[in-house]
Amino acid sequence: MRAVDNSGPRRDIHNYLDDRRRFAQLLPEPRLTMRTMAQRSSGAFPAAALEWLAPAVTGRVLAVGKPSASVAAASATEPGQIVMVDRSPAAVRAACHRYPSFHGVSAAPDALPFLPCSFAEVVVAQGMHRLAPESTLAEFARVLAPGGRLAVLYTCLLYTSRCV
């Protein structure tokens, strides 16, 4: 007869799954999942979170990617100072339709068609992982004015009992 050892990695995986199931039972009904959050989401961060994460800025704001539009709209103090850039012309049209004061440009974030020092802020919400870091960050640095800032925002939902 062979002895069974449950202390190895396999047991750790089962413990993790059990913890995850127990934590999921603590969530209020209906259960929040990434899918239901995306369906309910307006795409905007709460106003207090935006003020803390990306305080208002005077000057031109570059919103990179469609998810960045709501953040840029909240952080710009002057209308008409927001430029929306995305690889997809459809995403640019959708953002400019929702925010009529935006100027839309369809371009790759690693080859921006703007002069150096053109923006006071570059906003990237929920999309930095889709960009080539070296070339994109160099391009952001090129278009940012001296003293300008790069705002990178992410949200995530954790389902582990170790966080509770």
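**Strands, crossovers and a pocket in a predicted model**

Strand S1, helix H4 (residues 69-75) and strand S2 form a β-α-β unit of right-handed sense. The model in which this unit is found is a predicted one. The protein as a whole holds 6 helices and 5 strands. Read from the N terminus, its elements follow the order α-α-α-β-α-β-α-β-β-α-β.

S1 spans residues 61-64, and both of its faces are covered. Val-61 and Ala-63 lie on one side of S1, Leu-62 and Val-64 on the other, and all of these residues are buried. On one hand S1 pairs with S2 (residues 82-86) in the parallel sense, through 4 bridges. Within that pairing, Ala-63 is set opposite Met-84 of S2. S1 also runs parallel to strand S4 (residues 119-125), and 4 bridges join these two strands. Here Val-64 of S1 faces Val-124 of S4.

S4 continues the picture. How many of the residues of S4 are buried? The count is 7 of the 7, so S4 is largely enclosed by the rest of the structure. Besides its pairing with S1, S4 is joined by 6 bridges to strand S5 (residues 144-153), and S4 and S5 run parallel. Val-124, the residue opposite Val-64 of S1, has Val-152 as its bridge partner in S5. A right-handed β-α-β unit is also made by S4, helix H6 and S5.

The helix of that unit, H6, covers residues 133-143 and contains Glu-139. Is Glu-139 buried or exposed? Its relative accessible area is 12%, and because the cut-off for a buried residue is under 20%, Glu-139 counts as buried. Leaving aside residues up to four places away in sequence, Glu-139 touches Pro-109, Asp-110, Ala-111 and Leu-112. For one of these contacts the separations are available: Glu-139 and Asp-110 are 29 residues apart in sequence, while their C-alpha atoms are 5.8 Å apart in space.

Contacts across such stretches of sequence can also be considered for the whole chain. Among contacts between residues at least 6 apart in sequence, 58% join residues at least 24 apart. As for burial, 32% of the 164 residues of the protein count as buried.

The last topic is open space. Rolling a probe the size of a water molecule over the atoms shows where empty space is left. The second largest pocket of this model has a volume of about 190 Å³. It is lined by 13 residues, of which Gly-65, Asp-86, Gly-127, Arg-130 and Leu-131 are the closest to its centre. By class, the lining of this pocket divides into 6 nonpolar, 3 polar and 4 charged residues. One of the residues closest to the centre, Asp-86, belongs to S2, which covers residues 82-86.

Note on methods:
Residues are numbered from 1 along each chain as its sequence is written. This is a predicted model: local features need pLDDT of at least 70, side-chain atom pairs count only at pLDDT 80 or more; totals for chains, interfaces and linings use all residues. Side-chain values use heavy atoms; hydrogens and water are left out. Buried means under 20% relative accessible area, exposed over 50%, partly exposed in between (1.4 Å probe, protein chains only). Two strands pair if DSSP finds at least two bridges between them. A crossover is right-handed if, with the strands pointing away from the viewer, the path from the first strand over the helix to the second runs clockwise. Contact means heavy atoms within 4.5 Å. On a 1 Å grid over the protein atoms alone, a cavity is a set of points where a 1.4 Å probe fits but cannot get out, and a pocket is an open set with protein on both sides within 12 Å along at least five of seven lines; lining residues have an atom within 4 Å of a point. Grid points are joined across faces, edges and corners, and a volume is the space filled by probe spheres set on the points. Ala, Val, Leu, Ile, Met, Phe, Trp, Tyr, Cys and Pro count as nonpolar, Asp, Glu, Lys and Arg as charged, and the others, Gly among them, as polar.
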